[in-house]
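User: I've got this model open and want to talk through a few local features. Can you walk me through them?

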Amino acid sequence: EKASEVYKEAVDVCIALSNSSDDSKSSDEYKQLAFYFSERNKSSVLLEALAGSDALKFAGIPQNLLDKEHDLSIDIANYINLKNNAETDSIRGVWESRLFNANRSYDSLIVVFETKYPKYYEMKYNNKPATVPEIQELLDKKTAMLSYFVLDSAVIVYVITKKGFEVYKTAKIDSFDTKIEKYRAVMQSNRTEDILRYGNLAFELYEQFFPSYLIKNKHFAKIENLIVLPDGIMASIPLETLFTEKYKTQWTGWENTAYFSEMPFLIKKYNISYSYSATLFKNTFPKEKQTDIELTNINDWIAFAPVFDDNNTNGTSAVSRKLLLDLEKEKNENAIVKRSYLQDGSYVSPLPGTLDEVNDIFELFDKSGKKSKYYIKSNASEETVKSGELEKYQILHFATHGFVNTEKPELSGILMAQDTSTSFESYEDMYGNIAQQNDGILYQSEIYNMQLNANLVVLSACETGLGKITSGEGVIGLTRALLYAGTKNIIVSLWQVSDESTSQLMINFYKNLLSDKNFGKVDTEFGEYLRQAKLKMISEGKYAHPFYWSPFILIGK
């Protein structure tokens with residue numbers, strides 16, 4: 001967070017120097033230097049962690065030391081969860097002590113890696129930010145990368161296309177953070193006054209993030225795909241919901257579904273995906289075709305849907321109950337069944353739509369001759385997820401409840417089948433074998449210790465794209481853990497989603513995906529398939545309100 005302030009100053013200085021330079025070459029060099037500092041500020045902690053992970057795999061470290069590192073990582077993640085869920089100070093003290101000792105052991109092991117295995121050290125710390133020419137190599141003529149950098153009084157957008165690079169600095173609108181928070185709120189509201197307010201905010205924010213001189217740029221004229229690198233609170237809203245023009249049609253009530261279908265949403269012009277930084281994008285999607293890791297000997301699709309519709313799975317385990325009660329202090333007064341609503345901490349609200357969802361999607365894969373599988377109800381357990389089976393699949397699908405803990409991101413997670421049949425005298429009894437902790441919640445900190453080969457992970461659940469927003473790091477949530485575990489693309493949600501409409505969106509997405517003759521390739525681009533599923537919902541009217549279709553975004557390509 002301290003470094004973030006330095007980078008903001010550096011970016012401001014570079015742009016000022018670029019604007020004051022009489023020489024076009026020098027001006028361009030200052031623009032590229034500004035981009036360099038912006039990249040240094042984006043997700044540097046995540047990038048260092050990913051670099052360290054890759055270094056462990058490829059630096060020639062003996063297997064017994066790699067196993068030790070993996071075991072310590074699992075212990076650390078579990079101790080963190082146990083400490084945060086402890087019911088008394090004395091129990092918390094026990095786990096804090098064990099966590100301290102595990103961290104010291106881990107640090108000592110890393111010192112051994114860095115001193116005895118120089119290739120590990122080089123790979124971990126020689127992680128240079130992506131340059132503009134490197135990004136241009138990755139883009140085709142129809143794709144642009146928009147990287148945003150929010151200063152105290154201005155918003156900077158770097159526009160990278162195949163042949164061009166521009167930097168725009170626009171004045172920050174009044175109450176910037178407040179308006180984004182309000183915009184996020186009105187998209188989830190069905191109140192008439194919020195519907196009428198939506199259009200004004202949607203166009204005002206569009207002008208902030210897509211200033212007219214950007215749209216008029218000659219290199220931007222034929223662009224169809226946008227890779228957006230948001231900054232800070234920007235990551236909490238889907239930009240595809242913004243209005244590309246003023247829209248004043250009179251609201252006549254909910255029976256007029258065409259009101260939403262006709263809105264000038266940005267998604268009607270562009271296919272939009274998101275990433276945390278240009279460097280991460282470059283490292284995830286290299287220019288060269290990776291034929292050596294082509295996904296030919298791997299299964300296609302695996303899904304988990306606990307459903308929570310019977311006495312065996314709709315109760316909560318002893319460990320889950322306290323956490324879920326803390327997160328669900330406010331009752332949900334909306335009649336829509338959402339994929340994060342837990343009735344009272346003791347019982348989980350059923351998600352009948354998830355059963356139809358995974359059944360229908362499985363049939364699509366089965367008819368296409370693909371290797372697919374799904375687990376439902378009590379079989380959709382945390383133990384199964386951690387068994388190592390997921391390493392054998394290129395698409396992972398979770399249709400369940402999800403939740404975000406913004407204060408303690410490591411306690412964000414997704415709910416798996418609950419086991420209420422076993423009781424424990426104490427936390428110590430339950431966690432006698434620390435490595436086998438399965439409490440019915442797959443926590444963010446546990447996902448970090450999984451090993452995935454997935455080309456896509458779909459979290460068909462609530463708020464899975466959110467988390468704690470940290471200066472310079474962006475959103476720290478489940479998506480980071482999945483990227484670290486090895487997935488390339490992730491579909492996540494930005495708020496509590498409707499069970500019924502989500503099922504429809506997901507089924508249409510997979511229909512589009514399976515129609516692609518190149519399905520199964522490493523470089524499959526998922527953004528357009530998700531966009532077409534959203535446009536179908538908008539055009540049909542019933543779920544045209546942005547609440548239904550817009551929360552799911554693609555992080556990736």
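User: Where is the place of Asp 23?
Analyst: Keep in mind that this is a predicted model. Helix H1 covers 2–20 and helix H2 covers 24–41. Asp 23 has its place in the loop between H1 and H2.

User: Is Asp 23 buried, partly exposed or exposed?
Analyst: Buried would need under 20% relative accessible area, and exposed would need over 50%. Asp 23 comes out at 39% relative accessibility, so it counts as partly exposed.

User: Which residues gather with Asp 23 in a patch of negative charge?
Analyst: The patch sits on the surface, and Asp 23 is one of its members. The others that gather there are Asp 22, Asp 28 and Glu 29.

User: Why is strand S6 largely enclosed by the rest of the structure?
Analyst: Strand S6 spans residues 299–305. It pairs in the parallel sense with S8 (residues 393–399) over five bridges, and with S7 (residues 372–376) in the parallel sense over five bridges too. S6 counts as largely enclosed because, of its seven residues, the number buried is six.

User: In S7, which residue is the bridge partner of Phe 304?
Analyst: On the S8 side, Ile 302 has Leu 396 as its bridge partner. Over in S7, Phe 304 is matched with Tyr 375.

User: Which strands are the edge strands of the open sheet S9-S10-S11?
Analyst: Three strands make up that sheet, with antiparallel pairing. An edge strand here pairs on one side only, and that fits S9 (402–403) and S11 (441–443).

User: In S11, what is the bridge partner of Leu 415?
Analyst: S10 (residues 413–415) pairs with S11 in the antiparallel sense over three bridges. Leu 415 has its bridge partner in S11, namely Ile 441.

Conventions: Residues are numbered from 1 along each chain as its sequence is written. This is a predicted model: local features need pLDDT of at least 70, side-chain atom pairs count only at pLDDT 80 or more; totals for chains, interfaces and linings use all residues. Side-chain values use heavy atoms; hydrogens and water are left out. Patches are made of residues with over 30% relative accessible area and no salt bridge: like charges are joined within 9 Å, nonpolar side chains (Val, Leu, Ile, Met, Phe, Trp, Tyr) within 5 Å. Accessible areas come from the Shrake-Rupley method with a 1.4 Å probe; for residues, only the protein chains shown count as cover. A salt bridge is a side-chain nitrogen of Lys or Arg within 4 Å of a carboxyl oxygen of Asp or Glu. Lys and Arg count as positive and Asp and Glu as negative; His and the chain ends are not counted. The place of a charge is taken as NZ of Lys, CZ of Arg, CG of Asp or CD of Glu. Helices (H or I, at least four residues) and strands (E, at least two) are DSSP runs, numbered from the N terminus. Buried means under 20% relative accessible area, exposed over 50%, partly exposed in between (1.4 Å probe, protein chains only). Two strands pair if DSSP finds at least two bridges between them.
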